[in-house]
Amino acid sequence: MKKLRKISSRDLGLEFAAVCGRYFLGLEHLHYGYWPDGLEVNINNLRAAQGNYTNFLVSHIPSGVRTILDVGCGAGQTSKRLIDMGYKVACVSPSPALSSRVRQLLGDEARIFECPFEKLVTDDRFDLVLFSESFQYIRINDAIEKTFELLNPAGHLLICDVFRKDIPLTAGKMTMGGGHRLSKFQRIIAELPFELLQDVDITDQTIPNLDLLDEALQNVVRPMLDSGMDFLTGRYPLTSRLIRLFYRRRINAVYGKYFNGARSGEDFEKFKTYRLFLYRAVPAVPAGV
Ligand SMILES: C[S@@+](CC[C@H](N)C(=O)[O-])C[C@H]1O[C@@H](n2cnc3c(N)ncnc32)[C@H](O)[C@@H]1O
């Protein structure tokens, strides 16, 4: 019998997105798409938009970098691209389901550390540590301190991810999760030995993803859930009533979070910013110099 494993709702969401994205849309990546002017926003172009994102990401790898640690490597596609570009790559993947996909894709082309980044123990050191939409899942201090430990002298930290803006309470309630507070991240990293080399705002190029997702939630997921509930109510009224009673809070929370009509690109832009940050570790000055 298959061994049961404990899985967090966050990992479940990522694994579900990976399976559905691949099955229904042929998507291999788990990150947002990058939508330049001229690329029509529709679901059929999502794959191309994700390809654009990867191109954008890899174009910011500084010259001289040879070894890369891809933290939270998803299904391994970015690592594959980096290997094909000639980099020596290692991956960090805490999700067993995603790790097995990565192993299938990369074979022995990359070392895979199957653990959360915070728990990674290795003597290996890297020229660049990459967080592509994985930074938001790790406590800021843990992520930066561990990165510093794993970098070669003057190595680079490359982050491409969602951050939360500081906005007044009067701006309304944010129902979209995800992303560290930008001001907190900037305050923490400013006190650590890292020099900022690039800060690129790609919010405008990523918000179409939110419109597409909101459309899918409203037009596909919600009607499916509603029909399921109607079916249950008609066929098994007592069971349906019990489910509604016992899970009332959870059902309301899901509907309130995902089907509240406040998850569009416009809402995202109000509360979030999507940024690429490139930093260089500043080598410590020896005492007495
Ligand atoms: C949205 S996916 C991004 C995947 C990939 N980097 C990409 O750009 O397509 C988030 C990734 O972060 C990973 N992750 C979540 N928590 C993590 C942690 N504590 N340490 C390392 N990776 C983590 C997930 O397993 C997943 O691979």
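## Exercises on burial, contacts and the ligand site

Ser95 is situated in the loop that connects β2 and α4; helices (H or I, at least four residues) and strands (E, at least two) are DSSP runs numbered from the N terminus. The model is predicted, so local features need pLDDT of at least 70 and side-chain atom pairs count only at pLDDT 80 or more, whereas totals for chains, interfaces and linings use all residues. Residues are numbered from 1 along each chain as its sequence is written, and side-chain values use heavy atoms, with hydrogens and water left out.

### Exercise 1: Ser95

Determine whether Ser95 is buried or exposed, and identify the backbone nitrogen that lies 3.1 Å from a polar atom of its side chain.

Step 1. The relative accessible area of Ser95 is 4%, and therefore this residue is buried (buried: under 20%; exposed: over 50%; partly exposed: in between; 1.4 Å probe, protein chains only).

Step 2. The backbone nitrogen belongs to Leu98, at 3.1 Å from a polar side-chain atom of Ser95. Such a polar contact is a pair of N or O atoms within 3.5 Å; within protein, one must be able to donate a hydrogen and the other to accept it, and residues adjacent in sequence count only if both atoms are side-chain atoms.

### Exercise 2: Asn209

Locate Asn209, classify its accessibility, and state which side chain and which backbone oxygen its side chain contacts.

Step 1. Asn209 belongs to helix α7.

Step 2. Asn209 counts as buried because its relative accessible area is 11%.

Step 3. The side chain of Asn209 makes a polar contact of 3.2 Å with the side chain of Trp35. A polar atom of the Asn209 side chain also lies 2.6 Å from the backbone oxygen of Thr206.

### Exercise 3: Cysteines

Establish how many disulfides the model contains, and explain why Cys91 forms no bond with Cys73.

Step 1. A disulfide is a pair of cysteine sulfur atoms within 2.5 Å. By this rule, the count is 0. Cys73 takes part in no disulfide, and its nearest cysteine sulfur, that of Cys91, is 4.1 Å away.

Step 2. Viewed from Cys91, the closest cysteine sulfur is that of Cys73 at 4.1 Å, which is too far for a bond.

Step 3. Cys73 has 6% relative accessibility and so counts as buried; Cys91 is buried as well, with a relative accessible area of 0%.

### Exercise 4: The largest nonpolar core

State how many residues the largest nonpolar core has, and which element gives it the largest share.

Step 1. The core has 31 residues, and those with the most contacts inside it are Ile61, Ile68, Leu82, Cys91, Leu158 and Cys160. A nonpolar core is a set of buried Ala, Val, Leu, Ile, Met, Phe, Trp, Tyr and Cys residues joined through side-chain atoms within 4.5 Å.

Step 2. Among the elements giving two or more residues to this core are α2 (46–58), β2 (88–92), β5 (151–164) and α7 (203–235).

Step 3. The largest share, 4 residues, is that of α2.

### Exercise 5: The ligand site

State how many residues surround the ligand, and list the backbone contacts of His31, Gly74 and Phe117.

Step 1. The ligand is surrounded by 19 residues, the closest being Gly72, Gly74, Phe117, Glu118 and Ser132 (one heavy atom within 4 Å).

Step 2. The shell consists of 10 nonpolar, 6 polar and 3 charged residues. Here Ala, Val, Leu, Ile, Met, Phe, Trp, Tyr, Cys and Pro are nonpolar, Asp, Glu, Lys and Arg charged, and the others, Gly among them, polar.

Step 3. A nitrogen atom of the ligand lies 2.9 Å from a backbone N or O atom of Phe117. A polar backbone atom of Gly74 is 2.9 Å from a ligand oxygen atom, and a backbone N or O atom of His31 is 3.4 Å from an oxygen atom of the ligand.

Step 4. On its own the ligand has 590 Å² of accessible area, of which the protein covers 97% (Shrake-Rupley method, 1.4 Å probe).

### Exercise 6: Positive phi

Place Glu133 and Ala154, and give the phi of Glu133 and of Ala154.

Step 1. Glu133 occurs in the loop between β4 and α5 (140–150). Its phi is near 55°, a positive value in a residue other than glycine, and at 11% relative accessibility Glu133 counts as buried.

Step 2. Ala154 is part of strand β5. Although Ala154 is not a glycine, its phi is positive, about 60°; with a relative accessible area of 32%, Ala154 is partly exposed.
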